[in-house]
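Got your viewer open? Let's take a walk through this one, stop by stop, beginning with the outside and ending in a sheet.

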Amino acid sequence: MSTSPGGADYRGALLFRGAEADILEGRWEGLEAILKVRRPLRYRLAALDDAIRLSRTTREAEMTHHAKEAGVESPHVYFVDPPAATIVMERVRGERMKDRVERSPNGAPGHFRALGRCIAKLHLAGMVHGDVTTANVILRDAGPVLLDFGLSSRTTRLEDFAVDLRLAKETTVGAHPSISAAGMRAFLEGYAEVAGPKHSRDVQRQLASIERRGRYARVA
């Protein structure tokens with residue numbers, strides 16, 4: 001076990017290995033915690049790799065906090081060590097939305113509607129999530145908790161908001177094809193409830209434009 005600067009054990013077993021980061025379990029000041037550690041990537045120059053990992057670690061911690069300020073449930077960040085590319089955050093207990101939808105598809109629209117409300121809150125606060133998938137949502141009695149803000153960014157551009165919705169649509173079709181149409185209808189209804197009809201229409205028009213450009217590019 002490694003220890004934090006304050007002397008608390010916080011590094012434990014590996015839970016998941018992603019393309020760029022390891023997710024480990026541990027404890028922080030007596031609390032259950034998750035560590036996200038961005039690994040050095042050998043194909044990048046060392047100095048560039050250090051700079052990228054430091055920047056992405058800092059940004060993810062900041063965006064996770066900004067989401068909470070926007071009224072979206074997200075993990076509490078306990079500690080950030082940018083030089084070590086490490087974030088120590090709350091371990092959120094609950095069922096992944098992906099697993100719940102697969103297990104109980106009849107209840108899926110309600111979960112998608114709640115997720116749409118969350119994404120609208122982020123957009124109104126001037127940020128995008130960047131990786132809207134049901135695998136990045138934990139369901140608790142109080143509502144959904146959004147995870148993994150590693151691709152999040154600050155923005156006020158309709159194009160960026162529309163891309164967020166496009167990603168949500170693509171991942172829903174890929175992960176839940178049998179309920180994707182109903183799920184996305186509910187998602188957009190929830191989005192409009194929070195964002196308001198005008199903003200919702202503007203973003204959906206931009207989404208339609210992106211999809212038309214995509215179809216044209218494939219044909220061309």
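Turn on the surface of the protein chain to begin: its accessible area comes to about 11300 Å², and carbon and sulfur atoms own 54% of that. Keep in mind as you go that this is a predicted model.

**Stop 1: the whole chain**

Switch to a C-alpha trace and line the view up with the principal axes; the trace spans about 50 × 40 × 30 Å. Now go to cartoon, where you'll find 6 helices and 10 strands. The radius of gyration is 18 Å and the globule rule gives 17 Å for 220 residues, so the chain is as compact as a globular protein of that length.

Next, colour by burial. Of the 220 residues, 43% are buried. If you draw contacts between residues with a separation of 6 or more, 58% of them link residues 24 or more positions apart.

**Stop 2: the charges**

Select the charged side chains. There are 34 positive and 28 negative charges, and the mean positions of the two sets lie 6 Å apart.

**Stop 3: a sheet of 3 strands**

Hide the side chains again and pick out β6, β8 and β9. They make an open sheet in just that order, with antiparallel pairing. Which strands stand at the edges? They are β6 (95–96) and β9 (143–146); each has a single partner strand, so one side of each is left without a neighbour in the sheet. Show the backbone hydrogen bonds while you're here, since strands of a sheet pair through them.

**Stop 4: β8 and β9**

Select residues 137–140, which are strand β8. How many bridges pair this strand with β9? There are 4, in the antiparallel sense. Follow the backbone from β8 into β9 and you'll pass through a hairpin, with 2 residues joining the strands. For a look at the register, show I138, which sits opposite V145 in β9. Then add L139, whose opposite number in β9 is P144.

**Stop 5: across to β6**

Stay on L139 and turn to β6. Here L139 in β8 is the bridge partner of E95. The two strands, β6 and β8, run antiparallel and are joined by 2 bridges.

To finish, leave E95, L139 and P144 on screen together: L139 is the bridge partner of E95 and stands opposite P144 in β9.

Conventions: Residues are numbered from 1 along each chain as its sequence is written. This is a predicted model: local features need pLDDT of at least 70, side-chain atom pairs count only at pLDDT 80 or more; totals for chains, interfaces and linings use all residues. Side-chain values use heavy atoms; hydrogens and water are left out. The radius of gyration is taken over C-alpha atoms; the globule rule is 2.2 Å times the number of residues to the power 0.38. Buried means under 20% relative accessible area, exposed over 50%, partly exposed in between (1.4 Å probe, protein chains only). Contact means heavy atoms within 4.5 Å. Accessible areas come from the Shrake-Rupley method with a 1.4 Å probe; for residues, only the protein chains shown count as cover. Lys and Arg count as positive and Asp and Glu as negative; His and the chain ends are not counted. The place of a charge is taken as NZ of Lys, CZ of Arg, CG of Asp or CD of Glu. Two strands pair if DSSP finds at least two bridges between them.
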